Amino acid sequence: MAANILVGFFYVESESFQAMTELKQNPVSEKSIISQAVLAKKENGTIKVLDSFDSGAATLDDTLRGGLVGAFLGILGGPIGVLLGGSYGALVGSALDTTDAIDQASMLAQVADKIQDEECVIIALTSEEDESILDEKFKNYHTTTLRYDAAVVAEEVEEARLMEAEMARQARAELRKEKSAEFKSKVEENRDKIKKHFDELKNNLS
């Protein structure tokens, strides 16, 4: 059975809730297992979780279970997710200085670019011998369904975390730099004011 991240893009919000209910009711079958699933909506550029569940069902590779769906959604809703798309290549280049990361993160870029404002998405960690089982659950809805190798997603999420950490480090360094420059400027300004004060005092006393 293949471990996948299943992403369903829904264009009618009520249908996304119906689909999520169906997944909750029967997450495990002989040829298909849903380990974790999250229903989320993009509002004003941010990702909002509407519903989620963890079936507790083991996948073929338990290392993929540890919060992968939540971590994946967290990246989409974080600073990397906001910048994914046209400006992503420049972001990766400045943050990691490697073109390889662009190709490695293409799946995240595809998903982030496809989620439109006011649309809902179901993201699930699945183990499937027969993909038609879950496809059947989604076929009656206005949705687009994509699958990605869960092992690849796990690696891309880790790469994105490294990028976020590097971005935060660079931001802190820049803020310290700006603070230092501003501090020095203020010191010189105060020094001039104090000098001017004593110059005026001296003139008044002479």
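Where is L201 found? L201 is found in helix α8, which covers residues 150-205. Helices here are DSSP runs of H or I with at least four residues, strands are E runs of at least two, and both are numbered from the N terminus.

Before going on, a word on what you're looking at. This is a predicted model, where local features need pLDDT of at least 70, side-chain atom pairs count only at pLDDT 80 or more, and totals for chains, interfaces and linings use all residues. Residues are numbered from 1 along each chain as its sequence is written, and side-chain values use heavy atoms, with hydrogens and water left out.

**The overall picture**

The protein chain has eight helices and six strands. Going along the sequence, they come in the order β-α-β-β-β-α-α-α-α-α-β-α-β-α. Of the 206 residues, 36% are buried, and buried means under 20% relative accessible area, exposed means over 50%, and partly exposed is in between (1.4 Å probe, protein chains only). Among contacts (heavy atoms within 4.5 Å) with a separation of 6 or more, 79% are between residues 24 or more positions apart. The accessible surface is about 11600 Å², with 51% of that belonging to carbon and sulfur atoms; these areas come from the Shrake-Rupley method with a 1.4 Å probe, and for residues only the protein chains shown count as cover.

**Strand β5 and its partners**

Let's turn to β5, residues 120-128. Nine of its nine residues are buried. In a regular strand the side chains alternate between the two faces of the sheet. In β5, C120, I122, A124, T126 and E128 sit on one side, V121, I123, L125 and S127 on the other, and all are buried.

What does β5 pair with? Strand β1 (residues 2-10) runs antiparallel to β5, joined by nine bridges, and A3 has S127 as its bridge partner. Strand β3 (residues 32-43) also pairs with β5 in the antiparallel sense, over nine bridges, with L39 opposite I122. Two strands count as paired if DSSP finds at least two bridges between them.

E128 deserves a closer look. E128 has a relative accessible area of 3%, so it counts as buried. Its side chain makes polar contacts with the side chains of T126 (3.0 Å) and R147 (2.9 Å). A polar contact is a pair of N or O atoms within 3.5 Å; within protein, one must be able to donate a hydrogen and the other to accept it, and residues adjacent in sequence count only if both atoms are side-chain atoms. Leaving aside neighbours within four places in sequence, E128 touches M1, A2, N4, K31, S32, L134 and R147.

**Two helices**

Helix α2 (residues 68-77) is mostly covered, with seven of its ten residues buried: L68, V69, A71, F72, L73, I75 and L76.

Back in α8, L201 is partly exposed, at 37% relative accessibility. Together with I194, F198 and L205, L201 forms a nonpolar surface patch with about 430 Å² of accessible area. Patches are made of residues with over 30% relative accessible area and no salt bridge (a side-chain nitrogen of Lys or Arg within 4 Å of a carboxyl oxygen of Asp or Glu); like charges are joined within 9 Å, and nonpolar side chains (Val, Leu, Ile, Met, Phe, Trp, Tyr) within 5 Å.

**Positive phi in loops**

Most residues other than glycine have a negative phi. Here are two residues with a positive one.

| Residue | Phi | Loop | Relative accessibility |
|---|---|---|---|
| N44 | about 50° | between β3 and β4 (46-54) | 69%, exposed |
| E118 | about 75° | between α6 (106-114) and β5 | 45%, partly exposed |
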